[in-house]
Amino acid sequence: MTILFLILASIVYAWVSLAPWVPTSNKDLNRLHKIAKLKKGETFLEMGCGNGRVCTYIARKNPSAKVIGIELALPFYLFTKIRVMIFGPKNLKIIFGNALKYDISNIDVIYVFGLMETVNKEIKKKIEKELPKNSRFISYIFTIKEWSGQKETHKETDKTSGIHVYMK
Ligand SMILES: C[S@@+](CC[C@H](N)C(=O)[O-])C[C@H]1O[C@@H](n2cnc3c(N)ncnc32)[C@H](O)[C@@H]1O
């Protein structure tokens with residue numbers, strides 16, 4: 001009973017924290033990989049990695065990079081953690097925890113697919129304060145309003161989702 005409560009509580013908390021589980025479209029994975037332009041030795045963090053689809057793809061495409069996925073909803077965390085332990089890739093680490101409290105001071109590229117409101121409140125505040133210079137923050141679909149640093153939007157056609165990159 002206690003375990004069931006913990007599982008449900010972690011899901012509900014995650015849903016209101018960053019976003020409920022809605023995956024990044026498969027057709028955007030390679031676009032994201034190209035936009036991230038991960039260099040050898042760089043670290044990529046996926047905030048709220050869900051079933052690990054994005055971080056697994058990025059890790060396989062960039063074997064010389066370090067990739068981290070952090071997830072707060074217990075069932076998604078366990079599913080992804082076990083899958084990565086069995087099938088790899090070896091350069092991918094799955095962590096259980098709150099992405100909004102994770103130390104990003106050594107991260108080169110951060111990816112998030114979060115709610116518009118969270119991206120513009122908690123996440124904006126966090127990256128304004130903690131994102132290292134020269135690191136990139138990538139938001140799927142939702143833009144950050146009033147960003148004072150550099151930014152790029154990748155949206156090839158009306159039918160493709162926007163992928164937005166922010167730097168200090
Ligand atoms: C919109 S889904 C995106 C999933 C995945 N990033 C993707 O693009 O396919 C958001 C994910 O973030 C997780 N999440 C929500 N709040 C979180 C938090 N504070 N810390 C870590 N993960 C969180 C949810 O459980 C969910 O799996």
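Student: Is alanine 59 buried or exposed?
Tutor: This is a predicted model, so the call rests on computed positions. Alanine 59 lies in helix 3. A residue needs 20 or more other C-beta atoms within 10 Å to count as buried. Alanine 59 has 25 C-beta neighbours inside 10 Å, so the verdict is buried.

Student: Which residues does alanine 59 touch, not counting residues up to four places away in sequence?
Tutor: Helix 3 is the element that holds alanine 59. Residues up to four places away in sequence are left out of the list. The contacts of alanine 59 are then Val67, Pro89, Asn91 and Leu92.

Student: What separates the C-alpha atoms of alanine 59 and serine 10?
Tutor: Along the chain, the two residues are 49 residues apart. In space, their C-alpha atoms are separated by 26 Å.

Student: Proline 89 is on that contact list. What kind of peptide bond joins glycine 88 and proline 89?
Tutor: Proline 89 sits in the loop between helix 4 (74–87) and strand 3 (92–96). Omega for the bond from glycine 88 is about 5°. The bond is cis.

Student: Which elements each supply at least two residues of the shell around the ligand?
Tutor: The shell has 23 residues. The closest are Ala14, Leu18, Thr24, Gly48 and Gly50. The elements that each give at least two shell residues are helix 1 (2–17), helix 3 (53–61) and strand 2 (66–71).

Student: How many residues of the ligand shell are nonpolar?
Tutor: Sort the shell by class. Three residues are charged and five are polar. The nonpolar count is 15.

Student: How far apart are the end C-alpha atoms of helix 5?
Tutor: Helix 5 covers residues 116–130, which is 15 residues. At 1.5 Å a residue, the expected span is 21 Å. The model agrees, with the end C-alpha atoms apart by 20 Å.

Student: Where is the kink in helix 5 centred?
Tutor: The helix bends by about 45°. Buried residues of helix 5 are Thr118, Val119, Ile123 and Ile127. The kink is centred on isoleucine 123.

Student: Which strands do the buried residues of helix 5 pack against?
Tutor: Start with the residues concerned: Thr118, Val119, Ile123 and Ile127 are buried. Their packing partners are strand 4 (109–112), strand 5 (136–140) and strand 7 (163–167).

Student: What phi does asparagine 134 have, and is this residue buried or exposed?
Tutor: Asparagine 134 lies in the loop between helix 5 and strand 5. Its phi is positive, about 75°, although it is not a glycine. With 8 other C-beta atoms within 10 Å, asparagine 134 is exposed.

Student: Is glutamate 146 buried or exposed?
Tutor: Glutamate 146 is in the loop between strand 5 and strand 6 (150–154). Phi of glutamate 146 is positive too, near 55°. Glutamate 146 has 7 other C-beta atoms within 10 Å, so this residue is exposed.

Student: What is the radius of gyration of the chain?
Tutor: The chain has five helices and seven strands. For 168 residues the globule rule gives 15 Å, and the chain comes close to that, so it is as compact as a globular protein of that length. The radius of gyration is 15 Å.

Student: Of the contacts between residues at least 6 apart in sequence, what percentage join residues at least 24 apart?
Tutor: The chain runs α-α-β-α-β-α-β-β-α-β-β-β along the sequence. Among contacts between residues at least 6 apart, the share joining residues at least 24 apart is 67%.

Key:
Residues are numbered from 1 along each chain as its sequence is written. This is a predicted model: local features need pLDDT of at least 70, side-chain atom pairs count only at pLDDT 80 or more; totals for chains, interfaces and linings use all residues. A residue is near a molecule or strand if its C-beta atom, placed from the backbone, lies within 6 Å of it. Helices (H or I, at least four residues) and strands (E, at least two) are DSSP runs, numbered from the N terminus. Ala, Val, Leu, Ile, Met, Phe, Trp, Tyr, Cys and Pro count as nonpolar, Asp, Glu, Lys and Arg as charged, and the others, Gly among them, as polar. The expected span of a helix is 1.5 Å times one less than its number of residues. The bend at a residue is the angle between axes fitted to the seven residues ending there and the seven starting there. A residue is buried if 20 or more other C-beta atoms lie within 10 Å of its own, exposed if 12 or fewer, and partly exposed in between; C-beta atoms are placed from the backbone. Two residues are in contact if their C-beta atoms, placed from the backbone, lie within 7 Å. The radius of gyration is taken over C-alpha atoms; the globule rule is 2.2 Å times the number of residues to the power 0.38.
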